[in-house]
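Hello,

Here is the structure I promised to pass on to you. Please have a look at it first, and then read on for my notes on its strands and salt bridges.

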Amino acid sequence: GQDIIDGYVNIDIKPQNTKVVAADFRNLNNVVKEPVAEIKAIGCLPHIHFKEIESTIAHWSSLLRSGGIIRLQDLDIQLVANQFIFEQISLEQYNTATYSNEAVAGYTLSFIEKILLRCNIIISEKGYNGFTFFIHGFKQ
C-alpha cells in the first residue's frame with residue numbers, strides 16, 4: 001500500500017512506490033521463498049472476499065516460521081454498524097468507513113480470532129483502537 005514500513009517487504013497489487021513489490025497478498029508464494037519471522041497486514045482484510053479469508057489467513061500462517069508472529073489490523077464492521085444503527089455516526093461516516101478503498105467484505109475481531117486459532121496461531125494480544133481492531137499471535 002501507500003504506508004511503507006521499513007524493514008518489511010511491502011506489497012501491493014498496484015504499487016505506486018518503488019519500495020513496494022507488486023503481488024497479490026492473498027498468495028505470497030512468489031514473494032516468500034523461506035519461512036518468515038513476521039507477517040503484518042494492516043487494512044488488507046476488507047479486500048479479501050469472504051469465501052477466501054480463511055484460506056488466505058491459513059496461507060499466511062503457513063509462511064511463518066515456528067514462533068513467527070502475525071499482526072492483523074483492520075476495521076471492525078460490527079462496531080461501525082452499531083455506531084450507525086444507534087445514530088452515533090452519520091450515513092456519510094458509515095459509508096466512508098465501510099466502503100472506501102474498494103472494500104469487498106467486512107470482518108470482526110472475534111471472526112478473525114477464530115480463523116487464527118484454527119490455523120494454530122496462539123493469540124498474544126488483541127483489542128480495539130476506535131473502529132479498528134488489532135490482533136497479534138504466533139505460530140506454534
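Before anything else, please keep in mind that this is a predicted model.

Let me begin with the strands. In β6, the bridge partner of L72 is I135, so to speak on one side of the story; the strands behind that pair are β4 and β6 (residues 132-139), which are antiparallel and share seven bridges. L72 has another partner too: A41 lies opposite L72 of β4. Here the strands concerned are β3 (residues 36-42) and β4 (residues 64-75), a parallel pair held by six bridges. To get from β3 to β4, the chain passes through helix α1 (residues 53-63), and the resulting β-α-β crossover is right-handed. When you open the model, L72 is a handy place to start, with A41 as its partner and I135 as its partner in β6.

Now to the charged side chains. How many salt bridges does the structure hold? The count is five, and here are some of them.

D24, R26 and E52 form a linked network of salt bridges. Within it, D24 pairs with R26, and their closest N and O atoms are 2.5 Å apart. R26 also meets the side chain of E52, at 2.9 Å from N to O. That second contact ties together distant parts of the chain: R26 belongs to the loop between β2 (20-22) and β3, E52 to the loop between β3 and α1, and 26 residues separate them.

Are these three residues buried or exposed? D24 has a relative accessible area of 26%, so it counts as partly exposed. R26, at 31%, is partly exposed, and E52 is partly exposed at 29%.

Another salt bridge joins K126 and E113, with 2.9 Å between N and O. This one also links distant parts of the chain, as K126 sits in strand β5 (residues 121-129) and E113 in helix α4 (residues 109-118), 13 residues apart. Which of the two partners is buried? It is E113: its relative accessible area is 16%, and buried means under 20%. K126 is partly exposed, with a relative accessible area of 45%.

If you would like a short route through the model, begin at L72 and I135, then turn to the network of D24, R26 and E52, and finish with K126 and E113.

Best wishes

Notes:
Residues numbered from 1 in each chain as written. Predicted model: local features only at pLDDT ≥ 70, side-chain atom pairs only at ≥ 80, totals over all residues. Heavy atoms only, no water. Pairing = 2+ DSSP bridges. Helix = DSSP H or I, 4+ residues; strand = E, 2+ residues; numbered from the N terminus. Right-handed = clockwise from strand over helix to strand, strands pointing away. Salt bridge = Lys/Arg side-chain N within 4 Å of Asp/Glu carboxyl O. Buried < 20%, exposed > 50% of the residue type's maximum accessible area, 1.4 Å probe, protein only.
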